[in-house]
Amino acid sequence: MCTVLAEFRTAIERISLYNIKGSKRHLAALVEEVQTLANRMEAGLRDKKAEKKLRKKVKVYERRVLRLRKQVKHLEIRVAQENSILERLERNKKRADCEHCDHTGCDECDKGGLEGLGSLFG
Ligand SMILES: [Zn+2]
C-alpha cells in the first residue's frame with residue numbers, strides 16, 4: 001500500500017500540461033491498484049472478525065457439550081438405579097409367587113432375568 005501511495009505522490013508531482021493524458025492513465029491505474037489493496041485488507045479484516053465470532057461460538061458449544069455430558073451421566077446413573085430397583089422388585093415378586101420354596105429364593109424363582117446381574121444382588 002505504501003509503495004503504491006509513494007508512486008502516486010511522484011506521479012502527481014510529475015503532472016504537467018505536456019503529459020496530462022499519460023499522467024491521467026497512470027493515476028487511474030494507481031487508483032485501481034490502491035482499490036485492490038484496500039479490498040484485500042478489508043477482506044482480511046472480515047476474515048479475522050468472522051474467525052473471532054466462530055471461536056466464540058465454538059467456546060459456547062463446547063460449554064454446552066460439557067453440560068450435556070454431565071446431564072447424560074446423571075441420567076445414566078438414575079437409569080441404573082431405577083433398573084436395579086425394578087430388578088429387585090421383579091425378583092421379590094417372583095419369590096413371593098414361588099411354589100418351590102418358602103419365598104426366600106431358590107433355583108426356580110431366582111433364575112431368568114437376573115443372569116449377569118446376580119452379582120449385584122449377592
Ligand atoms: Zn423359589
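What share of the 122 residues in the protein is buried? Buried residues make up just 1%. This is a predicted model, and its overall form is a good place to start.

The protein has four helices and zero strands. From the N terminus on, the elements run α-α-α-α. The radius of gyration is 40 Å, well over the 14 Å that the globule rule gives for 122 residues, so the protein is more spread out than a compact globule. The dimensions can also be given along the principal axes. There the C-alpha trace spans about 125 × 20 × 20 Å.

Contacts along the chain come next. Take those in the protein with a separation of 6 or more. Of these, 27% join residues 24 or more positions apart.

Now turn to the packing of two helices. Two packed helices are described by the angle between their axes and the distance between the axes. Helix α1 covers residues 2-13, and helix α2 covers residues 20-97. They pack at an angle of about 160°. Their axes are 10 Å apart. Angles over 145 degrees count as roughly antiparallel, and α1 and α2 are therefore roughly antiparallel to each other. Their crossing is left-handed.

Which residues of α1 meet α2? They are Val4, Glu7, Phe8 and Ala11. On the α2 side, the partners are Ser23, His26, Leu27, Leu30, Glu33, Val34 and Leu37. By class, this contact has seven nonpolar, two polar and two charged residues.

Follow α2 further along to Arg95, which lies in this helix. Is Arg95 buried, partly exposed or exposed? A buried residue needs 20 or more other C-beta atoms within 10 Å, and an exposed one has 12 or fewer. Arg95 has 17, so it is partly exposed.

Arg95 also has contacts beyond its neighbours within four places in sequence. These are with His103, Thr104, Gly105 and Cys109. Cys106 is eleven residues from Arg95 along the chain. The C-alpha atoms of Arg95 and Cys106 are separated by 8.0 Å.

One of the contacts of Arg95, His103, deserves its own look. His103 lies in the loop between α2 and α3, the latter being residues 107-110. Phi of His103 is near 65°. That is a positive value in a residue other than glycine. With 14 other C-beta atoms within 10 Å, His103 is partly exposed.

Terms used. Residues numbered from 1 in each chain as written. Predicted model: local features only at pLDDT ≥ 70, side-chain atom pairs only at ≥ 80, totals over all residues. Axes fitted to C-alpha atoms, helices over the stretch in contact; angles between N-to-C directions. Helix = DSSP H or I, 4+ residues; strand = E, 2+ residues; numbered from the N terminus. Parallel < 35°, antiparallel > 145°, perpendicular 65-115°, else oblique. Left-handed = near helix turned anticlockwise from the far one by under 90°. Contact = placed C-beta atoms within 7 Å. Nonpolar A, V, L, I, M, F, W, Y, C, P; charged D, E, K, R; others polar. Rg over C-alpha atoms; globule rule 2.2 N^0.38 Å.
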